[in-house]
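Thanks for coming. I have one structure for today, so please have the sequence and the model open while I talk.

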2 protein chains.
Amino acid sequence: MGSLIPGTLPHPLPVPRVRDLGIERPAVEPPASLAHLVATGPGDRAAHAMGKAYRDVVRALRGRPGRIPDLVARPTDEREVADLLDWAGERQVAVVPYGGGSSVSGGVEYRGDAHRAVLSLDLTAMGRVLEVDTAGRAARIQAGTLGPSLEDQLRPHGLTLRHFPQSFEFSTLGGWLATRAGGHYATGRTHIDDFVQSLRVVTPAGTSASWRLPASGAGPSPDRLFLGSEGALGVITEAWVRLQPRPSHKASASLAFTDFQAALDAVRALAQSDLSPANCRLLDAGEAALAGASHDGSAVLVLGFESADGPVDARLAQAVGLARSHGGRSGASGEAGGGATGGAGADAAVSAWRSAFLRMPYLRDGLARMGAVAETFETAATWDRIPGLIAAVRREVGEAALKGSGHPATVNCRLTHVYPDGAAPYFTVLAAGRPGDEVAFWDDLKAVASDVLHRHRATITHHHAVGRDHRPGYERQRPDPFALALRAAKDALDPRGILNPGVLIG
Amino acid sequence: MGSLIPGTLPHPLPVPRVRDLGIERPAVEPPASLAHLVATGPGDRAAHAMGKAYRDVVRALRGRPGRIPDLVARPTDEREVADLLDWAGERQVAVVPYGGGSSVSGGVEYRGDAHRAVLSLDLTAMGRVLEVDTAGRAARIQAGTLGPSLEDQLRPHGLTLRHFPQSFEFSTLGGWLATRAGGHYATGRTHIDDFVQSLRVVTPAGTSASWRLPASGAGPSPDRLFLGSEGALGVITEAWVRLQPRPSHKASASLAFTDFQAALDAVRALAQSDLSPANCRLLDAGEAALAGASHDGSAVLVLGFESADGPVDARLAQAVGLARSHGGRSGASGEAGGGATGGAGADAAVSAWRSAFLRMPYLRDGLARMGAVAETFETAATWDRIPGLIAAVRREVGEAALKGSGHPATVNCRLTHVYPDGAAPYFTVLAAGRPGDEVAFWDDLKAVASDVLHRHRATITHHHAVGRDHRPGYERQRPDPFALALRAAKDALDPRGILNPGVLIG
């Protein structure tokens, strides 16, 4: 892959060792009553210093991680979470909630020096499915449950949360809820927000427990205030979530488009139909080439259908017909009767894309070691904005990368989620780096990208969260009165300002 | 209908005249610059004093309306709304936002005496569809647009908001948004919340304008804080909302069930299927008899399907098959090709139910004039709670009505909305009144009902809003930390406490 990007290093950067980081002793001692929950070893602390963005990988490689937390606590129940918050509040210790640590927007690190110490609150010791209501298709699940474990615990009940963000293996239910994660599926039930029946959230002002309800019109939704609060308002400890039966029927197909605008029109028609594809991913020519899904400059539309109720061939056929009526050229397609997405019968482009999708995060770290910029960002906008937005991101980020590194860059786009009223474009940037100056260079590119998003009224994030990295874009987007309300809510729930300081709110 | 309810009056109560209400002069004069927007006539003021609940009708009939607003303002644009709020803030005048006035929970009246005067802010002079994005299926619509006018303005574009609460004719987009209205449809897109792309909200602290987005993960949703805020946080002035094509294919059918639990199981199976019926209303035996949909003690399930994409007969047939497998007995069914719901071909039970549904609010006022209690309330709960909840409401409200009036009462139930994880039961109470003491009697019954809901962890309201009447139940349901956050948000946005004082927050 190195040959894809000009200007990379002759040898990969070495992976630094923890002992080279010069980690100092913790600035505070944990209280005796909670000491059994708290780790103070340098390895544990270093592993909780940052998320998994490109800029985090580079900072790690360069031996310049963010502020290392003083303590890593692993509470095993809600009482311990509350006790840790009480202690932290008394000592003016910042608390950074930590699930799988997969943040790509600076969500799990501490910046600044307004606090006496930093506690990383690792929820993964709270990793159980506590109750399953099979008839009502719901489960009560602890926030620290990692994706694979969550699905393993639901499988015996024949049910699934069916929420598969790209970070699935390394992220938790609590992280998904706190960041309003987007799942893998292109339409329908895919956002974690829509799966929530109720939440329990420990705040310094008490524990919030909403009722388990299928719907309610009683005032503004309490759950929706905590969804997306990124640990700034409280620590989500558990949730009742809606489940689905495991799909028994799947089918997929791909179509190639010479004209990208025609492909956009096809996708819009599909999103506005009753068909509700599970997958409806449009890869532009560059993305399709990178994934090995096309080699002739075509854009590729990957379609997939799933159902637990019955065969989906008819829906797939209708969808393919609709896409063909917009100029799509069919590849092979087929029904996959088994359990795995894109199993036997799926066409080559579908398989190639899926494999590239799963491989990409690993590949990125390797590219970073070679000195290349390899990062993604995403957004969402209404359909009227989409063509201009995509063109402007490609042009302006590409120009900035060329100007900054002296080498041409690749800026690809795919649509990951589609809606009747818009879509979520996901951009991949592959560029030569500026050795030794990688973080500043990426921050420059990201600032250019954020500027384009702002001008096109495209959200600063569709599912990567705000964290600390997206704060400038978020502040331009967020209505001022809502900022006042959010700040007031924060002050009411976290009067000492210990909860994940710096995310969402300045 | 009088014979249905024992203990009614021999003659209907007369409808009082405005001049008998003894309305005093307004406590404040409007400022000269805004005087052209403000009505001070007793008729206008009396018409804005209350909503349309049974207790409102009775208070009107008894000549004891709530506090009459001093002024009725009808702004024509957002600037005028802001100017009115500024003026009201300076003078300590309470502002009660008013759309169609169809509140059934005390949402549009003023109680108490903490303010110098009361201004009813009638938004209906802001009643236009301002922009339509046909390709993106969305429109920018002013908050004061009444249901029929909204649909009339969209019809030339071949689009519909497809949001039909029972109050459709007498309620506005802004009211729907401020109260999180539920539409007519049983599954899928029916809650107004899900139609919102963006909102504009005038608050005393400035105007909140969210971006028009199909989805976003940037912090807690700003729109979701204002949805359901019932005028306590700001005045919604306009919204971009998602539209749908007008359905071209419809079909409906009904099934009778001897066993109510079997009917509940059938409805749950339908709600958990992929079929997504537009209508999936289960009427218990009493409700079915009252609607003329059954005469043999059966519960009746009314099913309807709609699509703009193609025929729905196959889905209807599947749904009927599923219901039959749970013991449902089919009536006639048929495809209605035309535009009207339940057109030619719909079966007799469907037509009877639809007619009763449309007639009921009018009938209720007549019953109230005869001294009878005729009121409804609704809730939602998870499936595990539904059978016990419905039985307890029937029993306990029935007993309280008998005890309070000396006559047996009718307490019927239907499910109006169904979800994979629960349902929304809607109760109708028909009872002898306590002449001259109607309001207190109803309040007693409602307190009993609210108690049952609380014990069964069923929401105090699924789509009737909190207003002032549901405050006690709401306060028991709302998580305490969320109450703190909401109060803080209110203080930040409305520091002088002029916005709809008494709804949601004490």
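The buried residues of helix 2 of chain A pack against helix 10 (348–369), strand 16 (372–378) and helix 12 (438–455) of that chain. Contact here and below is a C-beta criterion: two residues touch if those atoms, placed from the backbone, lie within 7 Å. Helices (H or I, at least four residues) and strands (E, at least two) are DSSP runs, numbered from the N terminus.

Before going on, the conventions: this is a predicted model, in which local features need pLDDT of at least 70, side-chain atom pairs count only at pLDDT 80 or more, and totals for chains, interfaces and linings use all residues. Residues are numbered from 1 along each chain as its sequence is written, while chains are lettered from A and ligands numbered from 1 in the order in which they are written.

Back to helix 2 of chain A, which spans residues 54–61 and has 6 of its 8 residues buried. Buried means 20 or more other C-beta atoms within 10 Å of a residue's own, exposed means 12 or fewer, and partly exposed is in between, again with C-beta atoms placed from the backbone. The buried set is A:Tyr54, A:Arg55, A:Asp56, A:Val57, A:Val58 and A:Ala60. After the helix comes A:Gly63, with a positive phi near 70 degrees.

Next, the domains of chain A. The assignment gives domain 1 (132–245) and domain 2 (249–358); such bounds come from an automatic or database domain assignment. Over C-alpha atoms, the centres of domain 1 and domain 2 of chain A are separated by 29 Å. Their contact takes 6 residues from domain 1 of chain A and 8 residues from domain 2 of chain A. On the domain 1 side there are 3 nonpolar, 3 polar and no charged residues. For these classes, Ala, Val, Leu, Ile, Met, Phe, Trp, Tyr, Cys and Pro count as nonpolar, Asp, Glu, Lys and Arg as charged, and the others, Gly among them, as polar.

One hairpin in chain A: strand 5 (residues 129–133) and strand 6 (residues 138–142) run antiparallel, joined by 4 bridges. Strands count as paired if DSSP finds at least two bridges between them. A:Val132 stands opposite A:Ala139 in strand 6 of chain A. Between the two strands are 4 residues, and A:Arg137 in the turn has a positive phi of about 50 degrees.

Now a loop residue. A:Ser276 lies between helix 7 (260–272) and strand 13 (279–283) of chain A. Is A:Ser276 buried or exposed? A:Ser276 is buried, because 20 other C-beta atoms lie within 10 Å. Leaving aside neighbours within four places in sequence, A:Ser276 is in contact with A:Thr187 and A:Gly188. A:Arg315 is 39 residues from A:Ser276 in sequence, and 8.7 Å from it in space, C-alpha to C-alpha.

Over to chain B and strand 19 (residues 422–432), where 11 of 11 residues are buried. Both faces are covered, with B:Gly422 and B:Tyr426 among the buried residues on one side and B:Ala423 and B:Phe427 among those on the other. Which strands pair with strand 19 of chain B? Strand 16 (residues 372–378) of chain B does so in the antiparallel sense over 7 bridges, with B:Val373 partnered by B:Ala431. Strand 17 (residues 381–382) of chain B is also antiparallel to it, over 2 bridges. Strand 18 (residues 410–419) of chain B, antiparallel too, is joined to strand 19 by 9 bridges, and the two form a hairpin with 2 residues between them.

Finally, the two chains together. A rotation of 180 degrees with 0.0 Å of shift along its axis superposes chain A on chain B, at RMSD 0.0 Å. That is the relation of a two-fold axis. Superposition is by least squares on the C-alpha atoms of residues with pLDDT of at least 70 in both copies. In chain A, the C-alpha nearest the axis belongs to A:Ala488, 2.6 Å from it. The contact takes 77 residues from each of chain A and chain B. Helix 14 of chain A gives the most to the chain A side, with 11 residues. By class, that side has 35 nonpolar, 28 polar and 14 charged residues.
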